[in-house]
Amino acid sequence: MMEQRLQQRLRFLLVAPAILITLVAAIALTTAHRPGEMPREAIFDLFARLEPRPTPDRVNTAIIDIDQESLERIGPWPWPRTAIADLVTTAKEAGATSVVVTIPMEGPDPLSPQILARYWENANDGGSAYRAMSQLPTNNAALSAAATAIPTALGVGRPMTAPQKWARAEMTGLPWIRFLPVTEEGASNPDILALPRAPLLQDIDPGFIETSLVAVATLPLDQDQRVRRAPLLWSLNDQPAPTAGLAGLLANDPSLAVRPTQRSLSVGGPPLAAFSYGDGPLLPLSRQGGIPLWLPQTLDIPAVPAWRALEGGETWTRPLNNRVVFIGNSTGPQSSLMTSRGELSKAALHAQFSEQIRLGLIPHRPAWAGPLEAGLALLLGVFCVFAAIYFRPLLAGTVSIGLSLGALVTTFLLFQEAQLLIDPAPMMMASLGGQLAILGSVVGNMLFRDDAIRGAFHGALPASTMIKLQAGAGGNFLRGVRRQITVLSCRLRLPPKIVQDFEGRPDDFIRFVASANDALRRTILSHGGTVDFGEDGRLLAYWNVPEPSDKPIEKACACALKMIDDMNTLSENVQSSAFAGADTDEDFADSSIEIGLASALSFAGPVGRGSRNRYAVLGEAVKLACALRARAPQYGPAIITDDIVFDALRHHYAFLDLDIIRTAEDHPVRTVYGLVGNPFLKASKAFRQLADTQRELVQSWKDGELAATTLQLQRLRGIPGVPDAYIDLYEERLNRARGNEELAKSTAELLTL
């Protein structure tokens, strides 16, 4: 019997790690060649930072940068393409080997005379000025003419907003590309390739195709909005087009060789498997036909500001000599992109890709990487699980950590020596996760049992949340969150004589307070709030947690008004009992309740363990609500709210302007309001008179107008029902401010939270 129980326990312990290890291996296998997967890309970023790309003695690229100073000196962006043509001509005169314009050039130039003529005042009448502008040479023609004087690649393509899609590209009649045999037997090569579709939004000027090489300047982004790779070739209008980094080399030396794969995609052709440029070696490509970005230790590339290139003369353009020049802008949207090494301009990124291709330094993720990673994850995971069962805990943990670090170091050495990208994350997750799953199976049931969780929050969470909590494990509701939370802080205030009478009966006093708080707790729950307890017997209530709720501020205000009604009913019952001769102190009728309401972004979640758990909110909303509640005796109304509550319900409830405060020296001035009733109260003439007077009083005090504040305070004295404490508060402030200019300018009271 004992042996059977041990076997059952062992099977129970193996369930969680078996599921985890199998899941890790399956994910590693199915996402092996999916770009942008985390944490794989983050690990490869780490490898690239630890082992940067070797830097040659002399870089082959340079940049003409249209920076902010160039825009200030020459003119705001966009520039006409005649200005781009001038930059191309400047690069040619400086001795550049080729030029790449990384700014999208498709479609007509919006600043071309023909386009501007459409907006001419007499365009519809066909006036002489319109005809003259229409007959001027186009800006595209000027750029095409400049491109004929030097090998030039003109960029096209807009930022990608969708995942990469495949398209066909016909390979006939292209002088800058040739095929390598697919197999050693020299099998025939296809006439169609499957390439990533270029995100082209407009047609390309035929003059550009005749006078220059059209290149795609788009750089795909991963899910975390970082550039980590670029396709070698794109499909552009059913023709292959090089990426801008490759185009800078091809414009001067069209010697690209490619090898397709032996598999064909649904578009009718195979993707690329490898390429070589010039006399360089055959370099593998990713399954998407891309080149991983591998940045050097020093990211500096010779750069000349555009205005210096146009106006500075030979001294400034000397860095362009005998280099591939990339023209791009470094200001404005999409001009700079994020990489694993920080933000770089698009022109600098294309220049780095060009250097990689020229040097033949392309990291590669082999086709067998996925099966290898999945197999090793299974092997190491199973080994670590049995180590956790049969070894001492310290030894088992040491084995797991050692195998994880060994996987990380080994894959880094493979990258360092052979530029192979092997992901150690599946092996590390299986090694560590298997043992953690066993640990979680053992202790999780003790610390987070469902019955303990439900018991801890019974009577504190709304009924709808408790039903869901009892139906499931409750994990989804017991996680920390940060969102806009409405907080109610309330306190029952008893007359001093009653408290003094209870000094000899502390047990009765505690039972009375507990009974009153329980009634208020039920009111909070009936309005969808979550209940918590604060210091000195206070009640705290939260809305919009644990689950998001509709109209949390409105529910909180309705709850606060219902609490006032509850206290009024209690006072009336006590007074009736006293008049009837019952053994009840009629001073109970003077009991009151103070309430503070505030709403702000705050943290919320369980702040205990097991049966000792409680749900609490941490942040400014709680502090502000408590501080406002404490000022209720000074202001008069029982419910004091912040400006966020007021703005949300100003048209639904009756509010009074009370005061202006700051929650910190450097924080803006905020207005404090008193919630005094439902919308029907707003319609009464007496309330409108009181509300208008107090609003003008607070506004005058906020503006530092002491005379106007004094006048409104005198008017307020004549209105029945205004608390003396509120009048005395402003009277004291006015007395301090008279004759003190600095104090008069700083009228907002600093409310310590």
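# Notebook: salt bridges, rings and a sheet

I started with Glu-731, which makes a salt bridge to Arg-717, with 2.9 Å between the closest N and O atoms. I looked up where the two sit: Glu-731 is in helix H27 (residues 724–737) and Arg-717 in helix H26 (residues 706–717), so the bridge ties together parts 14 residues apart in sequence. Glu-731 is partly exposed at 21% relative accessible area. Arg-717 is also in the partly exposed class, with 43%. Note to self: this is a predicted model.

Next I went for a salt-bridge network. Bridges with shared partners link Glu-41, Asp-45, Asp-222, Asp-224, Arg-226, Arg-228 and Arg-229 into one network.

How many salt bridges does the count come to? I get 30 for the protein.

I then picked Arg-158 and Glu-106, whose side chains meet in a salt bridge at 3.4 Å, N to O. Arg-158 is in the loop between strands S3 (152–156) and S4 (166–170), while Glu-106 is in the loop between strand S2 (98–101) and helix H5 (113–117), so this pair ties together parts 52 residues apart in sequence. Is Glu-106 buried or exposed? Glu-106 counts as buried, at 1% relative accessibility. Its partner Arg-158 is partly exposed, at 26%.

For a pair inside one helix I took Asp-566 and Lys-562, a salt bridge with the closest N and O atoms 2.7 Å apart. Both are in helix H20 (residues 552–579), and because they are four residues apart there, about one helical turn separates them. Lys-562 has a relative accessible area of 34%, which makes it partly exposed.

**Rings**

I moved on to the aromatics, where the count comes to 13 pairs. The centres of the Phe-646 and Phe-655 rings are 5.3 Å apart and the planes stand at 90 degrees, so I logged this pair as edge-to-face. Phe-646 and Phe-655 are both buried.

Which residues form one aromatic cluster? I wrote down Phe-44, Phe-47, Trp-294, Phe-412 and Phe-415.

I also checked for charges over rings. The charged end of Arg-482 sits over the Phe-603 ring, 5.6 Å from the ring centre. Arg-733 has its charged end over the ring of Tyr-730, 5.1 Å from the centre.

**A four-stranded sheet**

I traced an open sheet of four strands, in the order S5-S11-S12-S13, with mixed pairing. Strands S5 (177–179) and S13 (283–284) are at the edges with a single partner strand each, so one side of each has no neighbour in the sheet. In general, strands of a sheet pair through backbone hydrogen bonds, in parallel or antiparallel fashion. What is the sense of the pairing between S11 and S12? Strand S11 (residues 256–260) and strand S12 (residues 272–277) run antiparallel, paired over five bridges. I followed one of the residues across: Val-258 has Phe-275 in S12 as its bridge partner.

**Whole protein**

Last, I stepped back to the totals. I have 28 helices and 27 strands on the list. The protein has 753 residues, and 49% of them count as buried. The exposed area is about 36,700 Å², with 55% of it supplied by carbon and sulfur atoms. For contacts with a separation of 6 or more, residues 24 or more positions apart account for 73%.

Terms used
Residues are numbered from 1 along each chain as its sequence is written. This is a predicted model: local features need pLDDT of at least 70, side-chain atom pairs count only at pLDDT 80 or more; totals for chains, interfaces and linings use all residues. Side-chain values use heavy atoms; hydrogens and water are left out. Buried means under 20% relative accessible area, exposed over 50%, partly exposed in between (1.4 Å probe, protein chains only). Contact means heavy atoms within 4.5 Å. Accessible areas come from the Shrake-Rupley method with a 1.4 Å probe; for residues, only the protein chains shown count as cover. Rings of Phe, Tyr and Trp (its six-membered ring) pair if their centres lie within 6.5 Å; planes under 30 degrees apart count as stacked, over 60 as edge-to-face and the rest as tilted. A charge sits over a ring if NZ of Lys or CZ of Arg is within 6 Å of the ring centre and within 35 degrees of the ring normal. Two strands pair if DSSP finds at least two bridges between them. A salt bridge is a side-chain nitrogen of Lys or Arg within 4 Å of a carboxyl oxygen of Asp or Glu.
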